[in-house]
Amino acid sequence: MKFFLDTADPREIAKLAETGLVDGVTTNPSLAAKTGLDYVEALQEICKTVKGPVSAEVLATDTDGMIKEGKRFAKIAKNIAIKVPMTWDGMKACRVLSGENLMVNVTLCFSAVQALVAAKAGATFISPFIGRLDDAGQDGLTLIREIRAIYDNFDYQTQILAASIRSVPHVRDSAIAGADVATIPSDIFQKMISHPLTDKGLAAFIADAKKAGVRIRDE
Ligand code: G3P
């Protein structure tokens with residue numbers, strides 16, 4: 001599974017990218033607003049750090065406007081994925097942009113049929129928002145399973161990008177359900193490897209070694 005970071009903060013991204021485990025980034029206007037930075041400048045910065053896909057979301061709601069903004073984003077770096085909303089205008093823009101070999105991430109997906117339409121429109125990524133579905137009393141993970149089944153039935157290459165992730169178990173369950181990518185907020189990314197028994201076990205190993213004078217000599 002690929003791990004993307006769901007943030008538009010270049011400093012946060014640079015720090016977590018040091019793990020060598022960040023395969024890409026997703027941003028959106030709300031995340032960009034939180035940084036207080038100019039959106040295009042922040043994207044330029046992020047693309048210098050992360051070589052995998054970096055999603056940049058259009059603000060226009062009409063097809064021509066989305067295409068124009070998408071092409072502007074695409075000039076920032078080769079690894080930009082243009083994020084368009086799950087609307088008919090978005091689908092038309094998706095067809096045009098993917099037809100020009102640009103990566104497109106279709107966002108705000110809340111149903112399996114929406115995901116089917118996005119795949120037919122040539123989307124590189126489909127972003128089902130699992131947390132927001134859970135918030136609305138539905139089951140986000142069921143949606144991932146449905147999309148996986150449909151894409152496998154027809155061999156669509158569109159990658160399922162589990163978005164709106166709210167917890168570490170969301171990452172686990174998205175992986176089990178067959179998502180290709182999870183886009184993970186920074187705080188959840190950091191929590192992914194925490195386990196009290198790991199900390200306890202490590203402390204015991206170090207203490208035992210110290211007590212017995214175990215050393216690893218230089219060659
Ligand atoms: O990638 C989409 C994500 O940013 C939405 O998350 O937590 O606002 O539902 P959230």
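Let's start with Thr7. Buried or exposed? Thr7 counts as buried, because its relative accessibility is 6%, and the cut-off for buried is under 20%. Keep in mind that this is a predicted model.

Where does Thr7 sit? Thr7 is in the loop that runs between strand S1, residues 2–6, and helix H1, residues 10–17. Its side chain has a polar atom 3.0 Å from the backbone nitrogen of Asp9. Now look beyond four places in sequence. There Thr7 touches Glu12, Ile13, Val25, Thr26, Thr27, Leu31 and Ser186.

Next, the ligand. Which residues are around it? They are Asp6, Asn28, Phe129, Arg132, Ala163, Ser164, Arg166 and Thr183. Take the polar distances one by one. Arg132 has a polar side-chain atom 2.7 Å from a ligand oxygen. For Ser164, a side-chain N or O atom is 2.7 Å from an oxygen atom of the ligand. For Arg166, a side-chain N or O atom also lies 2.7 Å from a ligand oxygen. How much of the ligand does the protein bury? On its own, the ligand exposes 310 Å². The protein buries 81% of that area.

On to the nonpolar cores. The largest one has 58 residues. Which members touch the most other members? Those are Phe73, Val84, Val106, Ile126 and Ile147. Pick out Ile147. Setting aside neighbours within four places in sequence, Ile147 contacts Cys109, Ala112, Ala115, Ile126, Pro128 and Ile160. There is also a second, separate core, with 7 residues. Ala81, Phe125, Ala163 and Val181 are among them. You have met Ala163 already, in the list of residues around the ligand.

Now aromatics. How many aromatic pairs are there? The structure holds 6. Here is one of them. Tyr39 and Phe73 pair edge-to-face, with 5.7 Å centre to centre and 80 degrees between the planes. What does this pair tie together? Tyr39 belongs to helix H3, residues 39–49, and Phe73 to helix H4, residues 63–74, so the pair links parts 34 residues apart in sequence. Tyr39 is buried, with a relative accessible area of 14%. Phe73 is buried too, at 7%. Phe73 also appeared earlier, in the largest nonpolar core.

A further pair is Tyr151 with Tyr156. Why edge-to-face? The ring planes stand at 75 degrees, with the centres 5.9 Å apart, and planes over 60 degrees apart count as edge-to-face. What about burial? Tyr151 counts as buried, at 1% relative accessibility. Tyr156 is partly exposed, at 22%. Add Phe154, and Tyr151, Phe154 and Tyr156 form one aromatic cluster.

Last, the whole chain. Its secondary structure comes to 11 helices and 8 strands. How far does the C-alpha trace span? About 70 × 35 × 35 Å, taken along the principal axes. The chain has 219 residues, and 46% of them count as buried. The accessible surface is about 12,000 Å². Carbon and sulfur atoms account for 55% of that surface. And the contacts? Take those between residues at least 6 apart in sequence. Of these, 56% join residues at least 24 apart.

Note on methods
Residues numbered from 1 in each chain as written. Heavy atoms only, no water. Helix = DSSP H or I, 4+ residues; strand = E, 2+ residues; numbered from the N terminus. Buried < 20%, exposed > 50% of the residue type's maximum accessible area, 1.4 Å probe, protein only. Polar contact = N/O pair within 3.5 Å; in protein donor to acceptor, adjacent residues only side chain to side chain. Contact = heavy atoms within 4.5 Å. Core = buried A, V, L, I, M, F, W, Y, C linked by side-chain atoms within 4.5 Å. Phe/Tyr/Trp six-rings, centres within 6.5 Å; stacked < 30°, edge-to-face > 60°. Near = heavy atom within 4 Å. Areas by Shrake-Rupley, 256 points an atom, 1.4 Å probe, with all protein chains shown as cover.
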